[in-house]
Amino acid sequence: MIDWKIVVAFDVDDTLLVPRIVTPWDYETPHYENIESYKWFQKQWCYMIVWSGSGTDWARIWADKFWLFPNEIRVKSAW
């Protein structure tokens, strides 16, 4: 149960990481503006979720690399 006023969720691919299609590199590139936005929401005491369609391990790897400290890690469903 979430007892917080605001819940904020960030996807890993194409949100915390820049889409590969728009970079000349063949590796994951951090999307620094979105990472700073995440950290701003976290400083406001929002309930933070990081999710990925690639699974919780992938989400945890990038949350740890970017020092995001989410309240919850989820698998993003296709809905």
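This section describes the nonpolar core, the helix α2 and the residue Gly53 in a predicted model.

The largest nonpolar core comprises 16 residues, among which Val12, Leu16, Val50, Phe66 and Leu68 touch the most other members. At least two residues of this core are supplied by each of β1 (7-11), α1 (32-43), β4 (47-52) and α2 (56-65). The greatest contribution is that of α2, with three residues. For Phe66, when neighbours within four places in sequence are left aside, contacts are found with Leu16, Leu17, Pro30, Ile35 and Lys39.

The two sides of α2 were then considered. Ala59, Trp62 and Ala63 are buried in this helix. These three residues lie on the same side of α2 because the arc they cover around the axis is only 105°. In general, an α-helix has 3.6 residues a turn, so residues three or four places apart point the same way. On the other side of α2, by contrast, Asp57 and Lys65 are exposed. The partners against which the buried residues of α2 pack are β2 (17-18), β4 and β5 (72-75). Just after the helix, a positive phi of about 55° is adopted by Trp67.

The loop between β4 and α2 contains Gly53. This glycine counts as exposed because its relative accessibility is 57%, and the cut-off for exposed residues is over 50%. With residues up to four places away in sequence not counted, Gly53 touches Asp11 and Lys76. Furthermore, the C-alpha atoms of Gly53 and Ser77 are 6.5 Å apart in space, although 24 residues separate the two in sequence.

Technical notes:
Residues are numbered from 1 along each chain as its sequence is written. This is a predicted model: local features need pLDDT of at least 70, side-chain atom pairs count only at pLDDT 80 or more; totals for chains, interfaces and linings use all residues. Side-chain values use heavy atoms; hydrogens and water are left out. A nonpolar core is a set of buried Ala, Val, Leu, Ile, Met, Phe, Trp, Tyr and Cys residues joined through side-chain atoms within 4.5 Å. Buried means under 20% relative accessible area, exposed over 50%, partly exposed in between (1.4 Å probe, protein chains only). Helices (H or I, at least four residues) and strands (E, at least two) are DSSP runs, numbered from the N terminus. Contact means heavy atoms within 4.5 Å. The arc is that of the directions from the helix axis to the C-beta atoms.
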